[in-house]
Amino acid sequence: MRFAIVGSGAVGGYFGARLVQAGHEVTFLARGAHLEALRQKGLELRGPAGDITVRVRAESEATRVGLVDVVMLAVKTYDNVTALPMVKTLLSQAASAQSPEGLPAVLPLQNGVDSPGELAAVVGERAVLGGSAYISTAVTAPGVITQTGTHQRITLGEFFGDTSRLSPRVSALKEALAGAGIQVEAVPDARVTLWDKLIFLAPFAGITGCSRLPLGRLWSVPASREMYLAGAAEVARVATAEGVAITTRMDALERTVDAVNPEVKSSLLVDLEQGKPIEVEALMGSVVRRGRAAGTPTPVMSTFYGLLKPHEHGRRQP
Ligand SMILES: NC(=O)C1=CN([C@@H]2O[C@H](COP(=O)(O)OP(=O)(O)OC[C@H]3O[C@@H](n4cnc5c(N)ncnc54)[C@H](OP(=O)(O)O)[C@@H]3O)[C@@H](O)[C@H]2O)C=CC1
Ligand SMILES: CC(C)(CO)C(=O)C(=O)O
């Protein structure tokens, strides 16, 4: 398959490199020193399974890519404003070459539940899938992506249209990903998995970000634990109010958090500590706005939102 990766950082770079290794035709859209490193030295993956370097095709301009079957969108959500026009260019180049399965398509791998809608506003619903990444990676130097732990998984499915069954294009993409050694789960309705992840992640990012503490210090304090669970219940109620058949059960969520390494910080807290912009809109703002629209109160998530919003741009100028 022909892939373009828009945002070749921690997530896009990792999964893109696995696809290159499996023989797929992959173009990495990147910028700055990372782009130069990808061109000069290739993409280096460091991790528990060993270190590898793959030679890659890296571009800064979407117009130079040519025909693709799948675009993976993996910039931070606050960079969608510059990334979505690139996705539009990539898909419009391939629009006349629609396959019987319904490709080309775009697979967002971002956190939160807003990305498919934001994409659809730019490229139309038909091309848009829903996806989530479960991995812990970071760009640790230009051209270098370091993985912590061994988990790496993509969940994908349809987000618009017929979400009652696995679509042919989801099945085709699942095969390509699985063939590249990526753990992959294909689901009929990606809205469910995106919301299930947000129920866990939004209050986790909120409480660790506001307290500047890793999970373990919070989870052992009953008042903090209650606050996390109240936030999670708010996100779950908003999902239900939107008609999404979430699968998260609160007792199971508690067990999930029990099992998380107590030293783990949310990526939002890591970004805050490093003075980087944070995905406060995609994680907290989205829940607050959607709750308001559905008439579902979100007092805990609104508190996280109000406390984190001033840090939205980090040290970057808005
Ligand atoms: N990292 C992880 O372990 C996980 C991340 N996620 C989610 O995945 C998404 C991506 O996160 P992550 O991979 O960590 O982010 P990164 O910052 O590591 O990677 C994003 C990359 O996209 C680049 N980029 C942004 N805008 C453009 C543009 N217009 N043109 C070219 N390149 C661009 C960035 O460049 P620059 O550095 O110059 O800004 C950066 O290299 C987020 O929504 C995150 O929440 C989900 C699960 C796990
Ligand atoms: C929960 C965690 C740390 C898992 O990698 C995550 O996805 C995030 O904080 O963004």
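A residue is taken as near a ligand if its C-beta atom, placed from the backbone, lies within 6 Å of that molecule. The structure is a predicted model. On this basis ligand 2 is surrounded by eight named positions, N111, S136, L201, F204, A205, V264, S266 and S267. Helix α6, which spans residues 190-211, supplies 3 residues, the largest share of this shell. Sorted by class, the surroundings of ligand 2 comprise 4 nonpolar and 4 polar residues, with no charged residues.

The shell around ligand 1 contains 29 residues, of which G7, G9, A10, Q110 and N111 are the closest. N111 is also listed in the shell around ligand 2. At least two residues of the ligand 1 shell come from each of α1 (10-21), α2 (32-41), α3 (80-94) and β8 (129-141). The largest share, 6 residues, is that of β8. By class, the shell around ligand 1 has 12 nonpolar, 13 polar and 4 charged residues.

An open sheet is formed by 5 strands, arranged in the order β5-β2-β1-β6-β7 with parallel pairing. The edge positions are held by β5 (57-59) and β7 (105-108); each has a single partner strand, so one side of each is left without a neighbour in the sheet. From one strand to the next, the twist averages 25°. In general, the strands of a sheet pair through backbone hydrogen bonds, in either a parallel or an antiparallel manner. Strand β2 (residues 25-29) runs parallel to β5 and is joined to β5 by 3 bridges. T27 has R57 in β5 as its bridge partner. At the β7 edge, helix α4 (residues 115-123) lies across β6 (70-73) and β7, and runs at about 150° to β7.

Helix α6, a contributor to the shell around ligand 2, also packs against helix α11 (residues 280-294), at an angle of about 110° and with the axes 9 Å apart. Because angles of 65 to 115 degrees count as roughly perpendicular, α6 is described as roughly perpendicular to α11. The crossing of these two helices is left-handed. On the α6 side the contact involves L201, A202, A205 and G206, which meet L283, M284 and V287 in α11. This contact has 6 nonpolar residues, 1 polar residue and no charged residues. L201 and A205 are also among the residues surrounding ligand 2.

Helix α11 packs in addition with helix α12 (residues 299-308), at an angle of about 140° and with the axes 9 Å apart. The angle makes α11 oblique to α12. Here too the crossing is left-handed. V280, M284, G285, V287 and V288 in α11 meet M301, S302, F304, Y305 and L308 in α12. The contact between α11 and α12 has 8 nonpolar and 2 polar residues, and no charged residues. M284 and V287 of α11 also take part in the contact with α6.

Two backbone features remain to be described. Most residues other than glycine have a negative phi, and most peptide bonds are trans. L103 and P104 are joined by a cis peptide bond, with omega at about 15°. P104 lies in the loop between α3 and β7. R212, a residue other than glycine, has a positive phi near 60°. R212 is placed in the loop between α6 and α7 (215-219).

Terms used
Residues numbered from 1 in each chain as written. Chains lettered and ligands numbered in written order. Predicted model: local features only at pLDDT ≥ 70, side-chain atom pairs only at ≥ 80, totals over all residues. Helix = DSSP H or I, 4+ residues; strand = E, 2+ residues; numbered from the N terminus. Nonpolar A, V, L, I, M, F, W, Y, C, P; charged D, E, K, R; others polar. Axes fitted to C-alpha atoms, helices over the stretch in contact; angles between N-to-C directions. Parallel < 35°, antiparallel > 145°, perpendicular 65-115°, else oblique. Left-handed = near helix turned anticlockwise from the far one by under 90°. Contact = placed C-beta atoms within 7 Å. Pairing = 2+ DSSP bridges.
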